[in-house]
Each structure stands twice: as structure tokens, then as C-alpha cells.
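Colleague: I'm new to reading structures, and I'd love a close look at one part of this one. Could you pick a spot and walk me outwards from there?

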Amino acid sequence: MWDPQWENWARSHRLLRFDFRGYGRSPLEPGPYASARDVIELLDRHGFEQTALVGVSLGGRVALEVALAQPDRVSALVLVGSGLPAHDWSEEMKAAWGEEGAAFGAGDLDGAVEVCMRTWVDGPRRRPEDVDPDVRARVAEMQKRAYELQLPIEEDEEELLVEDVAQRLGEIAVPTLVLTGEEDQPDIQAIADRLASEIPGARRATIANTAHVPSMERTAEFDELVLGFLETVR
């Protein structure tokens with residue numbers, strides 16, 4: 001998903017990207033793990049003593065955990081359509097996850113992917129034909145790969161490295177940009193509004209005509225916002 005940024009951002013920043021467990025080229029194995037701990041170990045391995053963290057969706061939630069677990073390691077946060085532990089999800093989102101889970105449980109990975117695409121890539125107000133078909137196809141490929149990796153595992157045993165993230169947002173003391181696509185789910189907008197209001201000094205921004213993956217769907221606008229923000233905090 002970061003291919004659109006990789007070459008452009010590398011001109012001004014040293015970059016590290018990776019696949020979470022159960023995504024891309026990272027298998028999901030039985031047993032407990034913490035994604036935030038994985039991030040910290042990767043930073044250690046590649047010599048990043050301090051860095052800005054840019055995370056989309058799950059990546060945003062993990063970035064929040066890292067910032068609270070090891071605040072001296074984080075110079076800035078960019079939280080894009082971020083998740084937040086203990087959020088009270090709407091009935092609409094629960095229904096979408098139920099439909100996706102039923103298809104996945106029945107082995108209908110293509111059906112599960114299509115539910116995911118309608119929920120996250122199209123968003124609640126757009127039709128599939130309103131979205132760039134190339135973006136939709138690339139996200140679908142990524143999502144199906146994740147299902148394939150997760151299918152053999154009976155239970156994903158991910159643990160939170162920081163369990164009380166939602167209660168500690170006021171402790172985050174680094175420059176923070178909270179970003180959403182204008183067409184993203186209302187739950188994600190509500191989480192973003194909370195992050196922006198409770199993280200001291202956080203900046204809130206939106207990008208029009210995109211839902212949950214603005215970095216892929218509206219690359220130019222995304223890059224301008226994020227690189228501009230990072231330039232101000234260097």
C-alpha cells in the first residue's frame with residue numbers, strides 16, 4: 001500500500017515499511033504477540049533511535065501504542081483512519097463485520113473481500129463505480145492475501161502492548177496529525193475527532209473524495225498534507 005509514497009518520500013526521509021503479521025509477506029503463526037512490540041523491535045533492528053510514525057487504520061492504533069509505550073522513540077504521529085481500542089462501534093459496523101466474517105467462515109474469500117471493499121474502500125456514501133478500479137483491485141488483492149494467511153489459524157492472539165490507550169491520549173506529547181478520508185465510515189470520523197480533541201495540540205484534517213485508504217486513492221493530496229506536516233516538526 002505504500003508503493004505510491006516510497007520513491008517520493010525517500011528523497012527527504014529515511015523510511016521503514018513492513019507487513020504486520022497476517023498481511024503481505026508476514027505469516028500469522030499460533031500464539032500471542034503484540035504488533036506494537038514488533039514495531040519497536042524493527043526500529044531497534046534497523047537503527048531508528050527516534051522516528052515519526054505514519055499509520056493507517058490498524059497502523060494508527062499500533063502507532064498510538066508505541067508512542068505511549070516508548071515516548072522517547074517517537075518524534076511525531078500521523079494517524080490516518082486510525083483505530084482506537086475500546087471504541088463503541090456502531091450497529092452498522094458490527095453488521096458489516098458479521099457479513100464479512102460469515103463469508104470468511106464459509107471459505108468464500110472473494111465474498112468477504114467484496115464486503116470489505118464496500119465497507120472500507122467505497123465507504124457508506126459511494127458506489128463501487130465511484131472508486132478508481134485500480135485502487136479497488138489493489139486493495140482487494142491485499143485483503144485476499146491477508147485472508148489466505150489468516151485462514152489456517154484458529155484464533156488471532158494479538159495482544160495490546162498498551163491496554164489503556166483510550167484513557168491515556170492526553171499523555172501523548174508529540175506533534176500529531178489526525179487525518180481521515182471524507183468518505184470514511186462515521187465510526188472512523190468519530191475516533192478521529194476524539195483523537196484530535198484529546199491529544200494535546202493535535203491537528204485534524206480530511207481529504208475529499210476518498211474513504212479509508214487516502215494514501216492510495218488521493219496520493220498527491222495525501223503526500224502534500226503529510227510531508228508538509230512532517231517538515232514543520234523536523
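Modeller: Let's start with the second largest pocket, whose lining is made up of 3 nonpolar, 1 polar and 5 charged residues. Keep in mind throughout that this is a predicted model. The pocket has a volume of about 190 Å³, and the residues lining it are F18, D19, F20, R21, S26, D38, E41, L42 and R45. If you want to sort them yourself, Phe and Leu count as nonpolar, while Asp, Glu and Arg count as charged. How do you find a space like this? Rolling a probe the size of a water molecule over the atoms shows where empty space is left.

Now look at helix 2, which covers residues 35–45. Two of the pocket's lining residues, D38 and L42, are also among the buried residues of helix 2. Which others are buried there? The rest of that list is S35, A36, V39, I40 and L43. There's a handy rule for reading such a list: an α-helix has 3.6 residues a turn, so residues three or four places apart point the same way. What do the buried residues of helix 2 pack against? Their partners are strand 1 and helix 3. Just after helix 2 comes G47, with a positive phi near 75°.

Let's zoom in on L43, which sits in helix 2. Its relative accessible area is 5%, so L43 is buried, the cut-off being under 20%. Setting aside residues up to four places away in sequence, L43 touches L16, F48, T51 and R73. For a sense of distance, take L43 and G83: they are 40 residues apart in sequence, and their C-alpha atoms are 22 Å apart in space.

Next, hop across to helix 3, where you'll find V66. Is V66 buried or exposed? With a relative accessible area of 1%, V66 is buried. Leave out its neighbours within four places in sequence, and V66 is in contact with A36, V39, I40, L53, P71 and V74. You've met A36, V39 and I40 already, as buried residues of helix 2. A34 is 32 residues from V66 along the chain, and the C-alpha atoms of the two are separated by 11 Å.

That brings us to the sheet. It's an open sheet of 4 strands in the order 1-2-3-4, with parallel pairing. Strand 1 (51–56) and strand 4 (203–207) are the edge strands, each pairing on one side only. On average, neighbouring strands of this sheet are turned by 15° against each other, direction ignored. Helix 3 (residues 58–69) packs on the sheet, where it touches strand 1 and strand 2 (74–80). The direction of helix 3 makes about 155° with that of strand 2.

What holds neighbouring strands together? Strands of a sheet pair through backbone hydrogen bonds, either parallel or antiparallel. Here, strand 1 and strand 2 run parallel and are joined by 6 bridges. One pair to look for is A52 with its bridge partner in strand 2, A76. Strand 2 is largely enclosed by the rest of the structure, because 6 of its 7 residues are buried. Over at strand 3 (residues 176–181), 5 bridges lead to strand 4, again running parallel. There, L179 stands opposite A205 of strand 4.

Once you've traced the strands, have a look at a couple of loops. A86 lies in the loop between strand 2 and helix 4 (91–105). A86 isn't a glycine, yet its phi is positive, about 75°. A86 is exposed, with a relative accessible area of 73%. N209 is another residue other than glycine with a positive phi, in this case near 60°. Where does N209 sit? It's in the loop between strand 4 and helix 8 (214–217). At 44% relative accessibility, N209 counts as partly exposed.

One last stop: Q143, found in helix 6 (residues 133–150). Why does Q143 count as buried? Its relative accessibility is 18%, and buried means under 20%. Not counting residues up to four places away in sequence, Q143 touches E100, V113, C116 and M117. Try finding those contacts yourself, then go back to the lining of the pocket, with F18 and D19 among its residues.

Terms used. Residues are numbered from 1 along each chain as its sequence is written. This is a predicted model: local features need pLDDT of at least 70, side-chain atom pairs count only at pLDDT 80 or more; totals for chains, interfaces and linings use all residues. Side-chain values use heavy atoms; hydrogens and water are left out. On a 1 Å grid over the protein atoms alone, a cavity is a set of points where a 1.4 Å probe fits but cannot get out, and a pocket is an open set with protein on both sides within 12 Å along at least five of seven lines; lining residues have an atom within 4 Å of a point. Grid points are joined across faces, edges and corners, and a volume is the space filled by probe spheres set on the points. Two strands pair if DSSP finds at least two bridges between them. Helices (H or I, at least four residues) and strands (E, at least two) are DSSP runs, numbered from the N terminus. Axes are lines fitted to C-alpha atoms, for helices over the stretch in contact, and angles run from 0 to 180 degrees between N-to-C directions. Contact means heavy atoms within 4.5 Å. Buried means under 20% relative accessible area, exposed over 50%, partly exposed in between (1.4 Å probe, protein chains only).
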